[in-house]
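User: I would like to go through the ring contacts and the nonpolar packing of this model. Please give the cut-offs as you go.

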Amino acid sequence: MRLKPQQTGYVATKIGIDLAKAPFITLPKGKETVVEAAKRIIDENLAKEHALDEKVKHILDENYDEIEFQHADERQLFFMIKKKMAPEFGVIMNYDDRYNDLAHLILDELYENYLAEYTVNENQVKNVIFKSFKTFADAYDEIDDIVYNKIRNMEKEVIPGSQDYELLYERLYQEELAKRGML
């Protein structure tokens with residue numbers, strides 16, 4: 001998934017905002033409980049992908065000499081192995097399919113725990129959640145570029161990878177999300 005662990009809260013918040021704004025949905029226990037439930041489900045999904053990535057890295061490490069001998073492209077091998085092993089770990093590689101699956105899981109959680117009530121077909125509610133994922137994913141690259149350019153054009157040089165850089169990046173990233181109504 002293109003999401004980084006520190007971004008799951010953002011996308012979960014976007015889901016909560018979008019569900020709260022939908023005229024055909026009420027959130028009896030409030031938006032925050034919806035955000036918490038969505039974040040937990042997204043975090044669990046990312047944990048599966050992380051476990052898969054670690055397994056693939058382990059396989060590549062075990063076969064390092066052969067990979068070097070064959071002059072194989074390690075990144076390409078990583079992706080091929082990950083794609084082959086993804087079903088075993090319950091990871092969906094296609095982003096749209098994955099967002100759709102997560103939307104179903106979140107909707108099920110909301111329904112089973114009385115976190116959302118709606119007067120329309122389930123698919124309409126699922127589509128609100130799916131669109132939240134898509135909107136966030138589509139905006140991510142654009143926001144990342146904006147934040148990177150802001151930092152690069154600052155008078156005071158901030159070293160990428162430093163703690164100051166990470167804190168500044170996070171603050172500017174949140175500002176851009178807020179401007180777009182995603183926080």
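User: Which residue lies over the face of Phe-130, and at what distance from the ring centre?

Analyst: This is a predicted model, in which local features need pLDDT of at least 70, side-chain atom pairs count only at pLDDT 80 or more, and totals for chains, interfaces and linings use all residues. Residues are numbered from 1 along each chain as its sequence is written, and side-chain values use heavy atoms, with hydrogens and water left out. A charge sits over a ring if NZ of Lys or CZ of Arg is within 6 Å of the ring centre and within 35 degrees of the ring normal. Over the face of Phe-130 lies Lys-126, and its distance from the ring centre is 6.0 Å.

User: How many aromatic pairs does the structure hold, and what is the angle between the planes of Tyr-99 and Phe-133?

Analyst: Rings of Phe, Tyr and Trp (its six-membered ring) pair if their centres lie within 6.5 Å, and planes under 30 degrees apart count as stacked, over 60 as edge-to-face and the rest as tilted. The structure holds five aromatic pairs. Tyr-99 and Phe-133 form a stacked one, at 5.3 Å centre to centre, with an angle between the planes of 10°.

User: Which helices does the pair of Tyr-99 and Phe-133 link?

Analyst: Helices (H or I, at least four residues) and strands (E, at least two) are DSSP runs, numbered from the N terminus. The two residues are 34 residues apart and so link distant parts of the chain, namely helix α5 (residues 95-112) for Tyr-99 and helix α6 (residues 122-152) for Phe-133.

User: Why is the pair of Tyr-169 and Tyr-173 stacked, and is Tyr-173 buried or exposed?

Analyst: The ring centres of Tyr-169 and Tyr-173 are 5.7 Å apart with the planes at 20°, so the pair counts as stacked. Both residues lie in helix α7 (residues 163-179), four residues apart, about one turn of the helix. Buried means under 20% relative accessible area, exposed over 50% and partly exposed in between (1.4 Å probe, protein chains only). Tyr-169 has 15% and is buried, while Tyr-173, at 1% relative accessibility, also counts as buried.

User: Which element gives the largest share of the largest nonpolar core?

Analyst: A nonpolar core is a set of buried Ala, Val, Leu, Ile, Met, Phe, Trp, Tyr and Cys residues joined through side-chain atoms within 4.5 Å. Of the 44 residues in the largest one, Leu-19, Ile-106, Ile-129, Phe-133 and Tyr-173 touch the most other members. The largest share of this core, 12 residues, comes from α6.
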